[in-house]
Amino acid sequence: MTTIRREVLTLPAAALGPDNPLPPLRPLDEAHRIDDRDRADLPRDMARQVDYAPLRSLLPAQVRDGYDRKRAPSGLDALVIENDRLRATVLPALGGRIASLRHKPTDRELLYVNPVLQPANFALNGAWFSGGIEWNIGATGHTTLSCSPVHAARVPAPDGGQMLRLWEWERLRDLPFQVDLWLPDGSDFLYVGARIRNPHERPVPTYWWSNIAVPEDRRVLAPADEAWLPHCPKGVGGTPIAYERRLRRVPVPEYDGVDRTYPLNSTYAADYFYEVPDDRRRWIAALDADGHGLVQTSTDLLRGRKLFVWGTGPGGRRWQEWLTEPGTGGYCEIQAGLVRTQLEHVKLEAESEVSWLEAYGPLDASPDGDWPTVLRRAEDRLAAALPRADVDAAYDAWRPYADTEPGERLATGSGWGALEVLRAGWKLPGTPFDEDTLGAPQRPWLHLLRAGSLPEPEHHEPPGGTLVARPWRDMLETTAATPLAEYHLGVAQWHGDDRAQAVRSWERGLKSAVDRWPLLRCLAVADQEDGHRERAADRYAEAFDDLCARRTGAAEGDEGWAAVAAALGREAIGALLAVGRTADARTVWERLDAATRARGRFRLAEGELLAAEGRHEQARAVFDENFEVADLREGADSIGLLWARLDDAPLPARYDFRMWPGGE
C-alpha cells in the first residue's frame, strides 16, 4: 500500500540567513517582455495574455538575500510518499519541492537531484535552488515560495489510500493553492492534482509552471513542430554576437542548423516554448541515449510545454557549477504551464478556481531517428503505459477529494493565509489556514485588524514587512497617523502607484519620527526613481547615520541589526558613488561590521569604491582574492564592468557568468 512518512535528508547546505528588511520599492527588472514588432504575429489569446497584468512589484514579499556559500552538513525535513513502484521525496520547508523521484523496479532516479542545497538569486525575491520538481505560482519567474515552508498533511486518496497535500497562500497575487500527490497501488506514475482558487470579488491574474530538472545528457521530446523562442541571436554570417529581446516562432527539432532537442547542442542559454497543437496530447519527456527517462503528461488544461537549457558556453557552465558542485553533472529543465509561454498571465475570474492533474513516471522509447517517427514511438509507449483517458479519469476521481479536510498535519507553512481568512471570513474547504499558524510576522497586522492600530516595535526594531493589498491600505488610512503607520501607508501607496501620496505620507511621518532611517530610505528611493540623485544621496547618508545611532547598544552579532545595516549600507554606498561622493561612501563602508565587509557582495562594493578613489591596483587586487557574490543575479554584469575598468585581460573564468555572446 502507499505510505507517507517523515525522513531527514542530510546534505551540504548553505544557511538562508535573514531576509532583507528594506521594502522592495524599485520596479522589477523585467527581462520578459516582447518587442512591439513581434506582437502582430502572435495568436490572439497569447497577445491578450502577454499584456495582462504583468508583475510590477515584489511587495508584500521581501527580498531573500541573507544566504551565503558556506555549506555544512544539514538535516532537511522531508516527506516520502511511496508505493511498490515509485518513491517521491518532498521538502515541505522549501516550497514543497520534489527533491527525488526514484523508480524502484529499475532503481533509476528520474530527476536531476542536486547533491547540495545552495541558494542563488533566481527566484523573484532572491533565494532559489536547483533540482527536482518545483511548483511555480505567482508571476513570471521562480516563485517567492522557493525557499519558504508550505503546509502539508495526509488526505484520503480516491483509491482508498492516502495522498500528501501541500498548500499555501501565494502573496504576490493573494491566492491560495494546493498540490495533492497521489500514488495509486501498483502505479508507475505519480499523480499530482493542482488547484488555484480566487476567493476575491474581482478577477486576479494567475500563473503556473511546473519545472522539472533532469540531467542534460538527454533528448527532450514534446509533440510540436514549432516553438516560441525569446532572446533570439543576432550576428553576422550566422555567428551570434549578441542577443536581442525578440520572440520568434522557430522550427522543431532543428533551428539554425542544429538539433535543439539535445540540450548539449546549444552553446547559449535558451527557452523553447513548444507550440503544442490543440488536438495533441499534452506531454514532455527527456530520454537518455538508451531510451530511458522521465515523462510528464497532464489533462489538457495545462497546455504549455517548455525546454530550458543552460548551454555549453562558459557562462552556462559557470552557472551550473555555481548552483551545485563541480563534477556533479549538469541539468536542463522540462516544464509545463497554463499557457504557451512564461510571458503570459491568465485571468482567474472572481470567486472561481482552476485545476488540473499531472502525471510523472518512467518512459522507455528510442530517442533516435527523424522527428515524426520519434514522437510517434514515444506517444505509443506513453499510451501503453498511461492512456490519455486514464489521466482524465484520474482527474475526475480526484476532484471530489480536493475539498476533503486534511488529516494528520505533517508540516506547517506561513501564517499569511490565516490572517487573510480572518480578515475576509473566506471558507476554503480542503486548505485550512488555521489561526494557530499565526506568528510574529502577522502579529502587528492582526492587532491592526482587531484593534485598529499598529503596535510600535520594541527597542527601535526595524518596522517589518508591509501588507499592501487594498483592504489593508484602507485600514492604514484610517488608523492613527503615527510615524510607523505613515511609513507602512506610504509603502502601500507606492505599491498602488500613488507615488506622490506615498512621498507625502513618508514626509508626514518623518516630522515626528524617533527612528528616521526607514522613512529617509523610502524617500531616497523615491528621489532616485524621479532622477534626483543628489538629494537621494543626502537622504541615504542621513538614514545611515540615524541607523548607526539607533543600533547603539544592540547585542554584538545581532542578526537583525546586521541585516539592516548591510542592506542600507549597500544601497547608500551605491547612491553616494553614483554622484561622486567617494569620501562619504568610504565613511559608510568603514562603519559596516567586519563580517559584513567580508561578504562577497561587499568585496565587490569595496572594489568599486577603490576604483572610484583612483586606487586601481588595490581594486584589481580584490579580484585576486577570489570573492564570491552569493546573491549574484542572472544577467548581472557588475563584476565584468568593474573588471573592464581595471584590466585589459579577459574576464577570469571564475567571474564569467555571461549568458549570451557579447554581453551579460
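These exercises with worked solutions concern a predicted model of a protein.

**Exercise 1. Overall form**

Task: Find what radius of gyration a compact globule with 664 residues would have, and compare the protein with it.

Solution:
- Step 1. For 664 residues, the rule for a compact globule gives a radius of gyration near 26 Å.
- Step 2. The protein has 25 Å, which agrees with that value.
- Step 3. For the extent in space, take the C-alpha trace along its principal axes: the spans are about 70 × 65 × 50 Å.
- Step 4. For the secondary structure, the protein has 18 helices and 27 strands.

**Exercise 2. Surface, burial and contacts**

Task: State what share of the residues is buried, how much area the protein exposes, and what share of the contacts joins residues at least 24 apart.

Solution:
- Step 1. Of the 664 residues in the protein, 56% are buried.
- Step 2. The exposed area is about 26100 Å², and carbon and sulfur atoms supply 48% of it.
- Step 3. Take the contacts between residues at least 6 apart in sequence; 71% of them join residues at least 24 apart.

**Exercise 3. Helix H3**

Task: Decide whether helix H3 (residues 314-323) is largely enclosed or largely open, and give the reason.

Solution:
- Step 1. List the buried residues of H3: Gly315, Gly316, Arg318, Trp319, Gln320, Trp322 and Leu323.
- Step 2. These are seven of the ten residues of the helix, so H3 is largely enclosed by the rest of the structure.
- Step 3. Identify the packing partners: the buried residues of H3 pack against strand S6 (120-123), strand S7 (126-128) and strand S24 (331-337).

**Exercise 4. The second largest pocket and glutamine 62**

Task: Describe the second largest pocket, then locate glutamine 62 and classify its exposure.

Solution:
- Step 1. The second largest pocket holds about 1200 Å³ of space.
- Step 2. Its lining has 46 residues, and those closest to the centre are Gln62, Trp416, Ala440, Pro441 and Gly465.
- Step 3. Strand S10 (162-170), helix H7 (443-451), helix H9 (483-495) and helix H13 (559-578) are the elements that give two or more residues to this lining.
- Step 4. By class, the lining of the second largest pocket divides into 20 nonpolar, 16 polar and ten charged residues.
- Step 5. Glutamine 62 sits in the loop between helix H2 (44-50) and strand S2 (71-82).
- Step 6. The relative accessibility of glutamine 62 is 23%, so this residue counts as partly exposed; the class of buried residues ends under 20%.
- Step 7. Leaving out residues up to four places away in sequence, glutamine 62 touches Asp19, Asn20, Pro21, Asn125 and Gly465. Gly465 is also among the residues closest to the pocket centre.

**Exercise 5. Backbone features in loops**

Task: Find the cis peptide bonds before proline 60 and proline 253, and the positive phi values of alanine 53 and aspartate 256.

Solution:
- Step 1. Leucine 59 is joined to proline 60 by a cis peptide bond with omega near 10°. Proline 60 is in the loop between H2 and S2.
- Step 2. Alanine 53 also lies in the loop between H2 and S2. Its phi is positive, about 45°, although alanine 53 is not a glycine. With a relative accessible area of 29%, alanine 53 is partly exposed.
- Step 3. The bond between valine 252 and proline 253 is cis, with omega about 10°. Proline 253 is found in the loop between strand S17 (239-251) and strand S18 (254-255).
- Step 4. Aspartate 256 is placed in the loop between S18 and strand S19 (258-259). Its phi is near 55°, a positive value in a residue other than glycine.

**Exercise 6. Tryptophan 517**

Task: Is tryptophan 517 buried or exposed, and which residues does it touch?

Solution:
- Step 1. Tryptophan 517 lies in helix H11 (residues 517-529).
- Step 2. The relative accessibility of tryptophan 517 is 2%, so it counts as buried.
- Step 3. Not counting residues up to four places away in sequence, tryptophan 517 touches Leu22, Pro462, Pro463, Ala543, Asp546, Leu547, Arg550, Val564 and Leu568.

**Exercise 7. Cavities**

Task: How many cavities of 30 Å³ or more does the structure hold, and which residues line the second largest cavity?

Solution:
- Step 1. There are five cavities of 30 Å³ or more.
- Step 2. The second largest cavity contains about 60 Å³ of space.
- Step 3. Its lining consists of Leu94, Gly95, Arg97, Glu134, Trp135, Thr143, Leu145, Ser146 and Phe177.
- Step 4. Sorted by class, these lining residues are four nonpolar, three polar and two charged.

Technical notes: Residues are numbered from 1 along each chain as its sequence is written. This is a predicted model: local features need pLDDT of at least 70, side-chain atom pairs count only at pLDDT 80 or more; totals for chains, interfaces and linings use all residues. Side-chain values use heavy atoms; hydrogens and water are left out. On a 1 Å grid over the protein atoms alone, a cavity is a set of points where a 1.4 Å probe fits but cannot get out, and a pocket is an open set with protein on both sides within 12 Å along at least five of seven lines; lining residues have an atom within 4 Å of a point. Grid points are joined across faces, edges and corners, and a volume is the space filled by probe spheres set on the points. Ala, Val, Leu, Ile, Met, Phe, Trp, Tyr, Cys and Pro count as nonpolar, Asp, Glu, Lys and Arg as charged, and the others, Gly among them, as polar. Helices (H or I, at least four residues) and strands (E, at least two) are DSSP runs, numbered from the N terminus. The radius of gyration is taken over C-alpha atoms; the globule rule is 2.2 Å times the number of residues to the power 0.38. Buried means under 20% relative accessible area, exposed over 50%, partly exposed in between (1.4 Å probe, protein chains only). Contact means heavy atoms within 4.5 Å. Accessible areas come from the Shrake-Rupley method with a 1.4 Å probe; for residues, only the protein chains shown count as cover.
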